[in-house]
Protein chains: 2
Amino acid sequence: MKKKTTIYDIAEKLNLTAATVSRALNNNLKISEKTRKLVQDTAIEMNYEINTLAKALKSGKSFNVGVIVPRMDSNFFASVIRGIEEELHSKGYHVIVCQTHDEEKLEIENINSLLNAQVDGILMSITNAKSKDKVFDSLAKKNVPLIFFDRRKQIPGVSSVTIDDFNGAYEATKHLINQGCKCIAHISNDRELEIFKNRFLGYKQALIDHGLEFNENFVIESRSRVEEGRRTMKQWLAMETRPDAIFSSSDFSALGAIQVIREHGLKIPEDISIVGFSNEPFTRFMELSISTVDQSPIEMGKITAQVFLEEVSNGDKIKSEKHVVLTPELIIRKSSLKTPISK
Amino acid sequence: MKKKTTIYDIAEKLNLTAATVSRALNNNLKISEKTRKLVQDTAIEMNYEINTLAKALKSGKSFNVGVIVPRMDSNFFASVIRGIEEELHSKGYHVIVCQTHDEEKLEIENINSLLNAQVDGILMSITNAKSKDKVFDSLAKKNVPLIFFDRRKQIPGVSSVTIDDFNGAYEATKHLINQGCKCIAHISNDRELEIFKNRFLGYKQALIDHGLEFNENFVIESRSRVEEGRRTMKQWLAMETRPDAIFSSSDFSALGAIQVIREHGLKIPEDISIVGFSNEPFTRFMELSISTVDQSPIEMGKITAQVFLEEVSNGDKIKSEKHVVLTPELIIRKSSLKTPISK
DNA sequence: TTGTAAGCGTTATCAA
DNA sequence: TTGATAACGCTTACAA
């Protein structure tokens, strides 16, 4: 029970040749119905299973794709990955997931080792936009499709799937303004990355459009983590005039801000209103549910996978970028609703 | 810039043979220092990169391992995976992650498609213990190492890495008893799975050891999800005598229980005390922080990977099971501390 | 120390 | 419709 059956074993048993067996197994070619049936039946009988490694060597395709995310213990990325998997499994692809933990070094390592694993493509949410062009160049040279989702970077020839972050941020900020907030602060993040730049711009534009003053002191960049949200909020509470609302580019830093606000004895949403970003499950489950912006991650994953499949099927044709932009949805919860809806 | 350089290209350029190049590249063998250096230098110069597919075909190893988890958007599983990755990357392995979403059908599909992807081993946390022996048999037949972590099943010859769930549950329950709770309910889960059986047994034993009555009505099986915790808690609150403490086998269902308790106007921990399991980050971040049991997931991942590596290096020797059991740590927070420590 | 040649399991091309 | 053969890129006895 050790050795695996190959097409040669089947061929031998049926007095055929491996080529014929291969054809019969792959259906499509010119093969008599009789031998096809015969081959397929004995294949089952002999427990034959194709050796994907051999097939991969021959075809030059591994049917593995790499997915690189900053982390996978957030609902957002886990859901994107799920979407990717659902779309790709049925096409025979497998997904190798790597985490960067927001470390550029790990990101580069991941790309290289995925290349080394002969993946047919890399779908990624970039961690850090600075000067990684060398790695991306080598991807291009090797003709390995690269597709960004969510956190992207402008690279000629590289497609992306994102949401309309500007709009999501604009609507969130507008909502806070409608709630009567006058001094809205923004927890931003590395604005070298488009998503954070756009969230910032949407926030700023909403202020301007509604006649509120934009104040640089009320925008701080921090990473998407609870501790960073805490740090940022502390800075603002130490200022002489404190904000009366926070629009955070991340649910995690929003949560950190909420903790600090409460520790200072302030009330949410009365004293300070909050809106986060991503619709992480905990925003719904908190005693004080958190308003946020949903990014339809599963759909994002599926579409990313589809874009990848398109690029693969296009093969060596002239590369063309494709940019899909999904529409975000503002979800209003307790943390920003000053006039509660009656139960 | 299309075609990749192979060892033949290098051989040709240096008037050597592919075999020599291969040897020079793989260091170890008998090769003159001179040619080795020469080969390695030109390899770099020509941008040579080994074709892992060919190597895999030849060696019969893909250097991919499959990891199957119920879900990866929980900190616990994400951290285990991280541990596995950290340990395995340095050995040249890649990790293919699959989620079962607690569906047995998906689990079987995942196993099969990982086998199809020629993985060198499967590390998994099983979803459902019932009658899957066929799949596991085929793993054994193919000589693909299988290692369970956390959620395991007793299969002869299969190693596992778990925590001492009995002890974790015992300590958690004892803590509730020490807090003065008399009627402690237990949110269990599929007890076909050892971890849940053991948590149940630890809970029960703690009751018995401390002279409390064990009542079957206060043990309900539910899946590890917020909604399920809600459902379970509602059942208990509808009973004539309600519990004064809950020990949940999952942080997620503990959270659901907490929501329902509050919706009924009851106070935590005064009216009902709660302890969860897994130390998910949200248990720490809640306004009402949740007591829980830490399972050191990263270490669990690393050890699981080590056990895998051992099995691989053992090769075809007689199989022997190995069972590593880690010690859990009870973390006491607000949800179960009736006499708060002074700040 | 290096070369020769076979083989890993498939598929594609050409011929029969 | 089927067979023979080469090729994918690498490793490894065996020979030289």
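Modeller: In this predicted model, a residue is called buried if 20 or more other C-beta atoms lie within 10 Å of its own.

Colleague: What makes both faces of β1(A) covered?

Modeller: Asn64(A), Gly66(A) and Ile68(A) on one side are buried, and so are Val65(A), Val67(A) and Val69(A) on the other. Each of these therefore meets the criterion of 20 or more other C-beta atoms within 10 Å. The division into two sides can be set beside a general rule: in a regular strand the side chains alternate between the two faces of the sheet.

Colleague: Why is strand β1 of chain A described as largely enclosed by the rest of the structure?

Modeller: The strand spans residues 64-69, and six of its six residues are buried, so the description follows.

Colleague: How do you know that β1(A) and β2(A) pair?

Modeller: Pairing requires at least two bridges found by DSSP. β1(A) and β2(A), the latter covering residues 94-99, have six bridges in the parallel sense, so they qualify as paired. Within β2(A), Val97(A) is the bridge partner of Val67(A). The chain passes from β1(A) through helix α5(A), residues 75-89, to β2(A), and this β-α-β crossover is right-handed.

Colleague: What makes β1(A) and β3(A) a pair?

Modeller: Three bridges in the parallel sense link β1(A) to β3(A), residues 122-124, and at least two are needed, so these strands also count as paired. In β3(A), Val67(A) has Leu123(A) as its bridge partner.

Colleague: Why are residues counted as being around DNA strand C?

Modeller: The criterion is a C-beta atom within 6 Å of the strand, so the 26 residues around DNA strand C are those that satisfy it. Ala19(A), Asn51(A), Ala54(A), Ala19(B) and Thr20(B) come nearest. By class, the surface has 13 nonpolar, eight polar and five charged residues.

Colleague: Which residues are closest to DNA strand D?

Modeller: Of the 24 residues surrounding DNA strand D, the closest are Ala19(A), Thr20(A), Thr6(B), Ala19(B) and Ala54(B). Helices α2 and α4 of chain A and α2 and α4 of chain B each supply at least two residues of that surface.

Colleague: What makes up the contact between chain A and chain B?

Modeller: Contact is assigned when C-beta atoms lie within 7 Å. The contact takes 33 residues from chain A and 33 residues from chain B. On the side of chain B, the elements giving two or more residues include α4, α5, β2 and α6. That side divides into 15 nonpolar, twelve polar and six charged residues.

Key. Residues numbered from 1 in each chain as written. Chains lettered and ligands numbered in written order. Predicted model: local features only at pLDDT ≥ 70, side-chain atom pairs only at ≥ 80, totals over all residues. Buried ≥ 20, exposed ≤ 12 C-beta atoms within 10 Å, placed from the backbone. Helix = DSSP H or I, 4+ residues; strand = E, 2+ residues; numbered from the N terminus. Right-handed = clockwise from strand over helix to strand, strands pointing away. Nonpolar A, V, L, I, M, F, W, Y, C, P; charged D, E, K, R; others polar. Contact = placed C-beta atoms within 7 Å.
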